[in-house]
Every structure is written in structure tokens, then in C-alpha cells.
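Biologist: I have the sequence and the model open side by side. Take me through a few local features, please.

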Amino acid sequence: MKNDMKKRIHSAHLVLVLLMALWCGTCFETKESQRQMEQTEASQSGSGAGNAAEVKRKLMYEAMHTPLGKYPKTVTYTLGKIAGANNSNLPVGNTYENNAYTRYLKEVLNIQNEDVFELQDGNTYEEAVNVAIEDRDIPDVLVVKGRDNLLRLIEAGLIEDLTETYEECTTDTIKEMYDSYGDSLLQSAIVDGKLYAFPNTAIDDGTPLLWLRQDWIEKLGLKEPETAKEALEVIRAFVEQDVAGDGQTIGLACSTDVIAGADQTYGVDAIFMYSGAVPCYWILDENGNVVYGSVTGETKEALSKLHDLYEKGILDQRFLLRKTENIDELLKTGCCGAIYGRWWAPNNPLSAVYSVDTNAKWKPYLLDEEKVKETQKTPVFESYDQWMYVVVRKGYEHPEIVAKYVSAMFDQSRYANDASARELNDYFSINVDPTARPLNINVDYEDALYRTTEHIQAALDKTLDVSELSGLEKSYYDTCKSFLNGQLTTANGWAAYASRIEAVGELQKAGIRSAETLPLENVNAEIPQELQELEKEAFLQIISGEKPVDYFDTFVVEWYANGGKELTEQVQNAYESGKD
């Protein structure tokens, strides 16, 4: 990898596509740029080569100091690429260096990524990043996970100060997006008053929903559930009446991780929320003290409920043996009719079920919403341990490229109704994973999910003119409308409607928002591997009945004795110092 990075190829295709960059994105710019190009070509054909060079110099300067100015010649950048599973569901023939995203960036900014490595998020990618940092040989642009790695790069003097380029080369809309999260998000990338990275933003994803096979409910003549208790009885009926047949029906799916968080599926997070528990996060208790959410009495109560569900056969009896791909297969073969998942569950994994059986009608349910709202009042700490940051190699001649990328990708393409962004925006409606983007981050408003869905629904209801939709919203609108009209019967069409309209609609009606977050800086709050394993083993043993529920108290004692006490004190001190 190191040798590959040393062989960076900075190809410069002398394409004289000269755009006026100061007001890029408007019709005026396009016409003005065309005029300048014609002038330059004319000058080159005669004795004005010097004037042409001056025009190119000015255009390059403007490109380097404005958000959307197009470079007069292609600017390449080497990249450490976070890849996705299944090639990020890219259309056949597309690659991470040639797809709708890269083509759009080439068209709008004239930039092109050259990937040094393409590895899936997790140990392999992080190992490659570690090697690059240790060798002091990082790509021009790199996404790093965790503020600790960001600090390593800063201390090693390996990355550029992006303070000025943030001010000059991000649009006002991008600045508003970052501002919607308060001060702490950008502050996490600032050291000694200098901004060294562009952080990923985590839009409010709401809360887990219970997805049930509505066709099974209808087949058994059951009443649709209105409470969590009623829903669990529906799942019991699925199993006892063996809807799948041949004794193949399983209960509520559950992975051995138990807690799925915001980016995984098959967890039972909602069961914890119904008990007021917030496991796997540092929280403030009712007395204002820092505590790790997995060792609270509320978590014990939730584990007791899960054990009860396991004993009654409502929770999958073989969940300890299931891997994610096994559960995927059970869904596709029609053996499971109940999972917890976020609003995006139709995109993954349920679209795969729909592809196999269009009669499988999955419906989202938000249950016991008052309990959920009460739990979400619990202040949760954001430590940035898993946060993603985009950095630029020290010495790279175009450090502004990241700011321009963010402005083009997350403002221009979404909100400017840019015709050249149509292919890019269509990716959302055909279920291409966001990891297809060159940089695996997202920048958007904290409440983007809700405002976008509100606009799409209003357009479907004809209370908002379609012309007022952003490019992204228009793409979803077209797909949802076609699905509702019966013109689009694909899994992607169903997934777009079920996720954006049905699922997010449930969250909107209930006024659900994520828990309040508090910044946690200047402390390594990550739970050590030994304590993570202790927690996971205790949870699984209690749920399955291998250990009694009261074993939880023993687990808590062991957790504190094996480093948890000191860690809690460190986090408490960091919180106290941060308040000063």
C-alpha cells in the first residue's frame, strides 16, 4: 500500500473547460464561462496565448477560493476509500472511481478521485489507515474514524489546517447545516483554534420501529397492535400458528449484538427503551451523575423482559446461533415476520424480501411512544469515538477540495435543482448505498429526515408544488408517486415509499426525536474490549436463561472492578471540567 501511495499519478488532462467560478451554479455563470472559453480559444488560435494563460490563472484562483468554482483542468486526488458491501449496490459497470457521484463531481468541479485502497469499514480499513499514519504516508484525502485518530494526525503534522478553506469554500447552506448541531460538532475537529477536518453529521434517525408482516396479521385474522404488549402477542400468534408452515416460523429476530444502534439491524433496542434504559452509552442519571447505561437498573429490567420473551417463544429460540446473513435468509424464505429496525429498514434488509415475494407486506409500528419519549429525555454523551472525519494531506496543493466536494455534493446537487445531478439523486431511489460516494460522510441538517419527508408528502398531497422540491426530494417524489400509481413495482420503489413515507411518517406523527446529546471531549471514553465482552456475555446469558436475572448485579460488580470504576470517574471529571 505504501508503494502504491508513493506512485501517485497526478494526471492533468488539459481540458479547457473554463467556467466563471465566483457565481457558479447559475445560468449567468454557465453563459459567462462559455464566453470566456470562446475568448480563450480565440486568443490561442491567434497571438493571444498570453491572455489565455492569464484567464486560466484567474479561473484557477477563483476555483481555489470559491465553493463551486470549476477547475480549468482536472484536479485529481488520491483517496483512502471506505467501500460498502456488494459494491455498494452500484449499477453494473459502475466502480468507485466511475459512478454517478464521481461523474457529477467531474462535471461540476472537474475533480477525480484515484483510490489508493478500497476497503470495507471495520478492521481492514482501520488497519490500512493505521499503517498509512505510522508510515507518515497518507493519501491526499482520507476519512478517519474517531477523534483520537484525528488528534494523532494533527500531532504528527500530517494534515492541513482547513480553517480558511472552510470559510471560503463552503456555501452558506453547508455552514447552516453544521450550525444546526450546535457548536460541539465542528469544535470536535478544532485544535488550538484551527479546523483540521470536516466531521460527518449524524441526522436524527428517530427511534427503532417494529416491522411486522401485515399479510400474516390479515391471514390470521388478528387485530393490528396499538401497544408493545399487543404486538408481542401478535408475534406469539405468528409462531404458535406457524404461519410459515412446517414448523419453520421463528419469533422476533435478534442478533447476538442485542443492541443495534443507529446503523445496524436486528437489535432489540426498543425493548430497552420501553424500560427507560439506554445501554452502550454514557448518560446522566436522574441525579446528574455520569453512568454507563448498560449497568443501570433500567437495563436489568429490560433484560428480565427479554428473558421472559425468550421463555414464551416470542423471541427467536435460536437467536444465539444466528449470524446476520442467517437472519437475512430467514426473512427472504418467509420464516420470520417480525424485526425491529430504523426507518430505513425497507432499503436493507426488507427490499431483498420484497424482491423474492411481493406479497410480503411489511408495515412499521411505533408503539408505546410515550415511554419512548420519556427515555429519550435522558441526556446521552457523544464522545466522537466512532465519529468520521475527512482530512487533507499536509502539502497537498488543493486543500480546498474537501470543502468544495461537500458544497457540491450536499448543497448544489440537493438544493439547486441542478439537472446534471439527476443521475446522482436517482441513486437514492434505486437503493445505491451512500458508501458509493468517494467520501463516506454525509452533511445535512440535523432534522433533514423530517423536513425532506414533509416536503415529499406535501407534494404527493398536492399542497406543495413539485417545482419547490429539492433535487433529492424530487427523486423520491417521482419514485413514490410511480409506486402508488402502480407504475413502479420493483423492490426499490416499495422501499422508497415504505421508508420515507410510511416509516418516517410514523415518527413525524408522534413527534419523535433522538435523545439529547452532550459533548464529551478530552477523555477516552471508549469501553475497553474486555468490558465489552463481559457485557455481551452477561446479556446473552441472562436473556437465554443460562444465568438468572439477578446475575446482572454480579456483572455490574465485575464491570466496575475490572476498570469500569476508574473509567466512570474519568468521564465524570471530563464532564465536570467541560462545564466550566
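Biologist: Is D246 buried or exposed?
Modeller: This is a predicted model, in which local features need pLDDT of at least 70, side-chain atom pairs count only at pLDDT 80 or more, and totals for chains, interfaces and linings use all residues. Residues are numbered from 1 along each chain as its sequence is written, and side-chain values use heavy atoms, with hydrogens and water left out. Buried means under 20% relative accessible area, exposed over 50% and partly exposed in between, using a 1.4 Å probe and protein chains only. D246 has a relative accessible area of 76%, so D246 is exposed.

Biologist: What is the phi of D246?
Modeller: Most residues other than glycine have a negative phi. D246 is in the loop between helix 11 (228-240) and helix 12 (269-274); helices (H or I, at least four residues) and strands (E, at least two) are DSSP runs, numbered from the N terminus. D246 is not a glycine, yet its phi is positive, at about 60°.

Biologist: What is the relative accessible area of D368?
Modeller: D368 sits in the loop between strand 11 (362-365) and helix 16 (369-375). Its phi is also positive, near 45°, in a residue other than glycine. D368 is partly exposed, with a relative accessible area of 22%.

Biologist: Which residue is at the centre of the kink in helix 23?
Modeller: Helix 23 (residues 551-579) has 29 residues, and its end C-alpha atoms are only 36 Å apart, short of the 42 Å for a straight helix at 1.5 Å a residue. That expected span is 1.5 Å times one less than the number of residues. The bend at a residue is the angle between axes fitted to the seven residues ending there and the seven starting there. The kink is about 70°, centred on G563.

Biologist: Which residues of helix 23 does W282 contact, leaving aside neighbours within four places in sequence?
Modeller: Contact means heavy atoms within 4.5 Å. The buried residues of helix 23 include W559, L567, T568 and V571. With those neighbours left aside, the contacts of W282 include W559, L567, T568 and V571.

Biologist: Which residue stands opposite K145 in strand 13?
Modeller: Two strands pair if DSSP finds at least two bridges between them. Five bridges join strand 3 (residues 141-145) to strand 13 (residues 388-392), and the two run antiparallel. Opposite K145 stands M388.
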